Amino acid sequence: MGGSARGYERVRFLQFVHIRRAGKYLLNLGAGVWFWGRSNPFTILMRSAFSLVAGLFVAGCLPAPSTSPLPQAGAASLYMPRDVQMAYRKGTRSADGRPGPNYWQNRGRYNIAITALPPNRTIRGSEQITYWNNSPDTLRNPVIKLLLNIHKPGAPRGGGASADYLTSGVHIDSVFVNGQATPWPGVENAFTWSRFRLPAPLLPRDSVRLAFKWHFDISKESGREGMIDSTTWFLAYFYPRVAVFDDYNGWDTMNFTDVQEFYSDFNDYDVSITVPANYVVWGTGTLLNPAEVLAPVTLQRFTQSMTADQTITVASKAEMAAETVTRQAPTNTWRFRAANIPDMTFNLSNHYVWDAASVVVDDATQRRASVQAAYNDSAADYHHMVRFARHALDWLSHNWPGVPYPYEKTTVVQGFAGMEYPMMVNDESYADTVFSRFVVEHEIAHTYFPFYMGINESRYAMMDEGWATTFEYLIGTADVGKPSATGFFQQFRVNGWIGDPSSLEDLPIITPADGLSPTAYGDNAYGKPALGYLALKDMLGDDAFRKALHAFMDRWHGKHPIPWDFFNTVNNVTGQNLNWFWNNWYFSNNYIDFAIAGVTKSGGGYTVLIDNIGGMAAPVDLEAKYGDGSSEVIHKTAAIWGANQRRATVTIATGKSLQSLGLNGGIWMDADSTNNRWTSQR
């Protein structure tokens with residue numbers, strides 16, 4: 001298709017994975033992957049071995065008294081970790097896929113003030129947090145996340161670190177608890193999270209007020225965050241935050257290694273960012289004071305863009321250079337507010353061009369969302385970016401997932417990350433505009449998973465990247481047609497997995513992402529789960545699939561669902577016990593490999609036996625050619641494997657003479673296609 005990766009730097013990785021500085025997109029190309037980003041390639045030094053615990057698929061029994069039944073007990077039950085079993089027993093999750101009667105989650109209110117004064121790399125911040133403990137537990141030692149300590153020497157990482165990447169990390173200057181000065185533990189080997197003992201325990205249904213002052217030097221090397229150039233800074237993960245405390249895992253103490261991603265509570269934010277005059281700040285949430293920071297002409301265009309269908313240049317390259325875009329005080333303080341959202345992210349620049357428009361995302365209310373782009377004028381593809389992003393919001397809102405875009409805006413920033421954030425995208429620039437559109441569509445799809453749905457993407461990336469990759473294929477099919485979208489998906493999402501016989505590639509998708517090496521992580525996060533969701537859609541049909549997906553999203557948005565909540569919701573809404581399908585796709589070591597075992601003439605046509613050598617219950621097309629020169633394609637969904645997952649019998653009803661038969665899986669590629677053809681010997 002037109003969005004090929006020709007011209008991009010090819011690196012001989014065996015897998016794609018989120019790698020710091022290399023950009024998030026690392027795409028499968030058989031023996032290697034395509035890689036793009038700011039940095040030179042670096043080699044993954046180690047592929048860690050990973051052994052699945054014996055008995056993975058047998059659910060253990062806990063002696064604790066049960067207050068809520070476990071879902072689908074019996075021979076077809078799904079493996080369930082002990083911590084998840086406990087959540088069901090406590091009644092926080094229900095066997096029908098709904099939140100349980102005892103479900104709870106904690107939340108916070110963050111008031112943050114940041115000062116960033118380029119060229120001074122030191123960023124200073126202060127914040128007041130009100131944190132509500134809605135759990136039944138007394139909390140004594142909350143976990144504080146300091147994600148930018150990934151830049152400290154010695155921090156655990158998924159790859160190496162250059163000198164420009166390293167900093168001294170986050171420095172906590174003061175801490176107050178309920179107005180009382182409290183010492184910060186400052187444990188030297190506590191990098192991206194640290195336990196913090198409260199002076200007095202936080203009781204259930206009570207709250208605590210925390211106040212932090214801190215500073216850090218922004219990294220010279222930009223990946224998910226950092227200096228895009230000397231006067232363009234991308235600020236993400238920049239503030240101390242209370243980690244998630246949930247009903248199945250307790251405190252989230254997973255190290256951030258720049259491979260796995262994030263897990264955050266739904267919080268309310270009020271953020272002020274003070275920058276020099278002539279710097280524009282783009283960010284998550286509603287800009288509260290545009291009249292205080294923008295020059296009158298800029299303000300007028302910005303306001304017009306909120307109802308415009310066509311792209312408006314809010315600030316041009318010439319205007320940025322002439323320093324006529326912002327108010328001319330020595331510094332300007334930009335205020336943003338967002339409610340019930342997992343995170344806040346910002347970009348500041350004194351030379352980026354600013355485009356904007358809007359799009360109707362909810363037909364019932366005619367609600368519009370703002371679509372903005374910030375970029376170097378030399379990036380040709382970014383001159384189309386508002387149009388690309390506007391199309392993505394429109395399509396995703398009205399097709400798949402078919403839920404109105406839930407936020408007030410999105411902003412796409414030219415950077416080096418290929419990364420999503422609430423209401424923000426940080427994407428590279430590409431010569432191929434079809435490829436640019438492909439990447440931004442994927443990142444905007446993340447609005448729903450993980451952000452709207454509150455996914456624990458660090459542990460269950462299958463519910464984050466897997467869904468974004470699913471929507472990526474569906475919107476790509478609408479954009480460029482099914483043949484091109486299928487070829488693209490095969491090339492970038494399937495080839496590297498199905499063509500690699502490594503045992504790392506066969507680990508079950510449900511395996512927690514933090515237990516996977518980078519090689520296994522990539523396929524288990526992106527292509528494999530997406531193939532499973534798409535196989536489910538094919539098997540159920542669009543109407544039933546949409547009904548089940550919407551029920552799951554209705555039940556769980558703004559909460560913290562886990563895979564079992566999705567599986568049980570689909571079972572509940574469809575009225576089918578699909579545990580055979582979930583076990584086959586998400587809990588097994590299966591892969592896709594079919595073979596034609598035999599073709600026999602029968603009374604009404606032909607009987608075809610198909611062996612499932614790899615075990616995975618994927619759809620397949622039977623391509624039949626007849627003696628009269630005609631042909632037909634018989635499509636079979638994954639349902640053919642429901643009764644027997646090792647052999648399926650397919651009947652071809654025809655009075656014609658069958659000359660040859662072939663199997664074609666489309667995006668569900670076969671590991672060994674040499675046994676996929678049969679030819680008549682007559």
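These are my notebook entries on a predicted model of one protein chain.

**Entry 1: the whole chain**

I began with the overall count. The chain has 14 helices and 33 strands. Next I looked up burial. Of the 682 residues, 60% count as buried. Then I checked how far along the sequence the contacts reach. I took contacts between residues at least 6 apart in sequence, and 73% of them join residues at least 24 apart.

**Entry 2: helix 8 and helix 11**

I turned to a pair of helices. Helix 8 covers residues 465–480. Helix 11 covers residues 527–540. How do their axes cross? They come within 8 Å and cross at roughly 60°. That makes helix 8 oblique to helix 11, because an angle between 35 and 65 degrees falls outside the parallel and perpendicular ranges. I noted the hand of the crossing as well: it is right-handed.

I then listed who meets whom. From helix 8 I found Gly-466, Trp-467, Thr-469, Thr-470, Tyr-473 and Leu-474. From helix 11 I found Pro-529, Ala-530, Tyr-533, Leu-534 and Lys-537. By class, the residues of this contact divide into seven nonpolar, three polar and one charged.

**Entry 3: Lys-537**

Lys-537 caught my eye in that list, so I followed it up. Lys-537 sits in helix 11. Is Lys-537 buried or exposed? Its relative accessible area is 14%, which is under the 20% cut-off, so Lys-537 is buried.

What does the side chain of Lys-537 pair with? I found a polar contact with the side chain of Asp-542, at 2.9 Å. Leaving out residues up to four places away in sequence, Lys-537 touches Trp-400, Leu-474, Asp-542 and Phe-545. Asp-542 is on this list, and Leu-474 belongs to helix 8.

**Entry 4: helix 5 and helix 8**

Helix 8 has another partner to note. Helix 5 covers residues 385–398, and its axis comes within 11 Å of the axis of helix 8. They cross at roughly 105°. The two helices are therefore roughly perpendicular to each other.

Helix 5 brings His-391, Ala-392, Trp-395 and Leu-396 to the contact. Helix 8 brings Phe-471, Leu-474, Ile-475, Ala-478 and Asp-479. I sorted these residues by class: seven are nonpolar, one is polar and one is charged. Leu-474 appears here, and it also appears in the contact with helix 11.

**Entry 5: helix 14**

I moved on to helix 14, residues 579–586. How many of its eight residues are buried? Seven are, so helix 14 is largely enclosed by the rest of the structure. I wrote them down: Asn-579, Trp-580, Phe-581, Trp-582, Asn-584, Trp-585 and Tyr-586. What covers them includes helix 11 and helix 13, the latter at residues 563–574.

**Entry 6: three buried residues**

Met-669 lies in the loop between strand 32 (658–664) and strand 33 (677–679). Its relative accessible area is 18%, so Met-669 counts as buried under the 20% cut-off. Apart from residues up to four places away in sequence, Met-669 touches Gln-490, Val-494, Asn-495, Ile-498 and Ile-592. I also checked Trp-497: it is 172 residues from Met-669 in sequence, but 9.7 Å away in space, C-alpha to C-alpha.

Thr-519 is in helix 10, residues 518–525. Thr-519 is buried, at 4% relative accessibility. Leu-504 is 15 residues from Thr-519 in sequence, and their C-alpha atoms are 7.0 Å apart.

Glu-261 sits in the loop between strand 15 (250–251) and strand 16 (267–276). Glu-261 is buried too, at 5% relative accessibility. Its side chain makes a polar contact with the side chain of Arg-224, at 3.2 Å.

**Entry 7: backbone exceptions**

Last, I looked at the backbone. Most residues other than glycine have a negative phi, and most peptide bonds are trans. I looked for exceptions.

Where did I find cis bonds? One runs from Pro-118 to Pro-119, with omega near 10°. Pro-119 is in the loop between strand 4 (107–115) and strand 5 (122–133). Another runs from Phe-449 to Pro-450, with omega near 25°. Pro-450 is in helix 7, residues 447–452.

For positive phi, I noted Tyr-237, at about 60°. Tyr-237 lies in the loop between strand 12 (232–235) and strand 13 (241–242). It is buried, with a relative accessible area of 4%. Asn-278 has a positive phi near 80°. Asn-278 lies in the loop between strand 16 and strand 17 (280–283). It is buried, at 12%.

Technical notes:
Residues are numbered from 1 along each chain as its sequence is written. This is a predicted model: local features need pLDDT of at least 70, side-chain atom pairs count only at pLDDT 80 or more; totals for chains, interfaces and linings use all residues. Side-chain values use heavy atoms; hydrogens and water are left out. Helices (H or I, at least four residues) and strands (E, at least two) are DSSP runs, numbered from the N terminus. Buried means under 20% relative accessible area, exposed over 50%, partly exposed in between (1.4 Å probe, protein chains only). A polar contact is a pair of N or O atoms within 3.5 Å; within protein, one must be able to donate a hydrogen and the other to accept it, and residues adjacent in sequence count only if both atoms are side-chain atoms. Contact means heavy atoms within 4.5 Å. Axes are lines fitted to C-alpha atoms, for helices over the stretch in contact, and angles run from 0 to 180 degrees between N-to-C directions. Angles under 35 degrees count as roughly parallel, over 145 as roughly antiparallel, 65 to 115 as roughly perpendicular and the rest as oblique. A crossing is left-handed if the near helix is turned anticlockwise from the far one by less than a right angle, and right-handed if clockwise.
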